[in-house]
Amino acid sequence: MSESAGKTSSSSKVVRGGFSILAVIVAFVILWEGYKFIWTALEWTEPVNPSNRTLPHTWTIVGALFQPAQRNGPILLFVELKAAIFTLREALVGFLIGGSIGFWLGVLFVRSQTAERAFMPYVVASQTVPILAIAPMVVVWGGKLDIPQWLTVSVIAAYLTFFPVVINTMRGLRSPQPTAVELMRSYASAPREVLWKLQVPAAMPYIFTALKVSAAASVIGAIVGELPAGFRGGLGRDLLQFSQQFTAAPQKLFASVIVAGLAGMVFVGAITLAEHRFVAATRRQST
Amino acid sequence: MTMVVDARGVGKVFGGGAEAVQALTGIDLEMETGDFISLIGPSGCGKSTLLRLVADLLEPTSGELLINAKSPSRARLDRDYGMVFQSATLLDWRTVRKNVELPLEIMDVPTEERSKRATEMLDLVQLDQFADHYPWQLSGGMQQRVAIARALAFQPSLLLMDEPFGALDEMTRELMQQEVLRLWGETGISVVFVTHSIPEAVFLSTRVLVMTPRPGTINTEIVIDLPAERDLSTRESPRYFELITEVREALRRGES
Ligand SMILES: Nc1ncnc2c1ncn2[C@@H]1O[C@H](COP(=O)(O)OP(=O)(O)O)[C@@H](O)[C@H]1O
Ligand SMILES: [Mg+2]
């Protein structure tokens with residue numbers, strides 16, 4: 001009985017979620033077109049010129065998705081979706097590499113204060129170095145080491161993803177109450193058992209929060225990683241190309257930005273589903 | 001007959017130098033198999049510290065402490081005792097049954113045996129209907145019963161309880177006291193029980209140790225000579241009230 005109640009509420013949640021997404025899109029279109037209309041009528045040009053060359057109509061942008069990207073080629077939407085899948089694959093590999101490194105660094109730092117003191121400053125420093133400076137180096141090194149190009153892109157994505165995982169893994173592993181730790185000690189459990197039976201399960205909500213941030217960051221990392229080598233096939237190169245053609249056809253850039261955004265949302269959405277499946281279902285006391 | 005707990009001149013100092021806190025001093029305690037000993041005293045008199053010394057979660061800084069004629073750390077590694085805290089400390093991602101099985105998993109008890117034991121324990125605390133529930137679905141009293149089942153699951157010879165019913169309402173508390181006495185009678189386990197409540201200490205114990213603070217020490221020992229079978233009528237007997245008065249006066253004397 002409680003099960004069926006759970007199902008109705010979750011399906012009504014999906015419906016409500018769908019409505020709110022639709023509402024946001026409608027509101028966004030109204031704001032966009034409203035801005036264009038009012039600024040044009042009043043002949044304002046600040047902060048953004050409302051002309052079709054800088055702010056194309058929303059329908060022009062959506063329309064661009066359904067026109068061939070090149071003469072006699074497939075439509076832009078198809079081209080960009082293919083590019084998005086390509087980039088998502090790089091992002092996913094980077095996410096897995098970065099997530100694992102982040103998790104194990106977190107475990108190491110919680111286990112060993114010495115390791116935390118020695119390496120944590122560098123972990124923090126690594127995040128203040130702009131990815132735009134790191135990416136070309138990784139591409140060059142990757143080329144020297146004969147690593148496939150897509151994998152160097154994944155490494156750049158990993159660089160952006162590991163940090164939130166380190167921080168949240170540490171917080172999560174330290175989250176159990178002191179009495180829970182004493183309880184494990186009273187069973188004479190090995191450190192390995194304390195880790196896997198107490199600390200890691202307790203850390204799951206924290207880790208999933210980080211994974212959602214990391215999933216979005218990995219897509220950005222992959223797009224940026226594609227740029228320095230002019231790597232073909234992914235979203236990065238197209239975004240660069242369309243931004244160079246911005247004055248001629250601004251709608252193309254906006255359209256591919258939408259696809260890139262959707263790609264990130266799909267990834268974060270998948271992590272959220274996994275979170276509901278593995279964490280939220282058994283821990284509803286907080287709601 | 002070997003003592004379950006044998007303490008001679010046990011003391012505990014936290015920290016060092018100017019900031020050192022003498023939490024306990026000169027603790028002498030001889031506890032025999034089947035004893036039910038309550039530690040009572042004002043906050044900060046070292047009750048939890050004494051319990052943690054017995055549990056080898058802390059080490060004494062002076063004196064000699066033996067558990068079942070072994071060092072506390074040996075006793076801990078032999079899983080001689082089970083613990084229950086004021087907060088049930090259940091793992092909220094595990095069902096009730098899986099919580100009770102936790103110590104058995106760590107002790108490498110085979111799966112079948114584990115599930116059989118968990119079933120027995122949940123029967124014992126009368127929660128067999130709730131085996132597949134999650135902790136958040138249970139009341140505070142039920143959660144604490146799960147914690148007791150978990151502590152008893154590996155059949156320790158000693159049960160250490162630190163204000164286990166401190167967070168429960170009065171009615172639930174009295175039911176839980178009855179429950180603990182029943183478990184104690186059925187299992188023959190020895191119990192060290194920390195409490196703030198005078199009636200609780202008197203109702204449950206074979207002996208009440210009254211502690212005084214700064215530095216924490218055992219001030220008075222009161223033997224509870226109520227009949228072994230205790231129930232509602234015990235709570236209304238004149239001897240029960242006399243003993244309550246005796247404990248209360250001992251606590252007063254400690255304060256002055
Ligand atoms: N880990 C610790 N470090 C320093 N002082 C402590 C620690 N644990 C307890 N104390 C001190 O020891 C004294 C006894 O504490 P405790 O055993 O918790 O008292 P009780 O359980 O009787 O309320 C208190 O003064 C407390 O501040
Ligand atoms: Mg205490």
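Select chain A to begin: its secondary structure amounts to ten helices and zero strands. Walk along it from the N terminus and the elements read α-α-α-α-α-α-α-α-α-α. Zoom out until the whole chain fits, and its C-alpha atoms fill a box of roughly 75 × 60 × 35 Å along the principal axes.

Please keep in mind that you are looking at a predicted model, with scores of ipTM 0.89 and pTM 0.86. Colour by pLDDT next. Chain A averages 88, and 94% of its residues score at least 70. Now select residues 1–6 of chain A, where the pLDDT is below 50. Beyond near neighbours in sequence, this stretch makes zero contacts in the model. Where pLDDT is low, the predicted coordinates should not be read in detail, so feel free to hide that stretch for the rest of the tour. Switch the colouring to chain B and you will find a mean pLDDT of 91, with 99% of the residues at 70 or more.

**Where the chains meet**

Show both chains together. Here 24 residues of chain B are in contact with 20 residues of chain A. Between them the two chains bury about 2,200 Å², and 61% of that is on carbon and sulfur atoms. Which residues of chain B lose the most area to chain A? Select Trp93(B), Ile106(B) and Trp136(B): together they account for 32% of what the chain B side buries.

**Around ligand 1**

Now centre the view on ligand 1. The residues around it are Phe14(B), Ala23(B) and the run Ser43(B), Gly44(B), Cys45(B), Gly46(B), Lys47(B), Ser48(B) and Thr49(B). Try colouring this shell by residue class: three are nonpolar, five polar and one charged. Which element gives the most to the shell? That is helix H1 of chain B, residues 47–54, with three residues.

Next, turn on distances, beginning with the backbone. A polar backbone atom of Gly44(B) sits 2.7 Å from an oxygen atom of ligand 1. For Cys45(B), a polar backbone atom is 3.3 Å from a ligand 1 oxygen atom. Then move to a side chain: Thr49(B) places a polar side-chain atom 2.5 Å from an oxygen atom of ligand 1. To finish, draw a surface on the ligand. Taken alone, ligand 1 exposes 560 Å², and the protein buries 57% of that.

Key:
Residues are numbered from 1 along each chain as its sequence is written. Chains are lettered from A and ligands numbered from 1 in the order in which they are written. This is a predicted model: local features need pLDDT of at least 70, side-chain atom pairs count only at pLDDT 80 or more; totals for chains, interfaces and linings use all residues. Side-chain values use heavy atoms; hydrogens and water are left out. pLDDT is the predictor's confidence in each residue, from 0 to 100. Contact means heavy atoms within 4.5 Å. A residue is near a molecule or strand if one of its heavy atoms lies within 4 Å of it. A polar contact is a pair of N or O atoms within 3.5 Å; within protein, one must be able to donate a hydrogen and the other to accept it, and residues adjacent in sequence count only if both atoms are side-chain atoms. Accessible areas come from the Shrake-Rupley method with a 1.4 Å probe; for residues, only the protein chains shown count as cover. Helices (H or I, at least four residues) and strands (E, at least two) are DSSP runs, numbered from the N terminus. Ala, Val, Leu, Ile, Met, Phe, Trp, Tyr, Cys and Pro count as nonpolar, Asp, Glu, Lys and Arg as charged, and the others, Gly among them, as polar. Buried area is the accessible area (1.4 Å probe) that two parts lose on being put together, summed over both.
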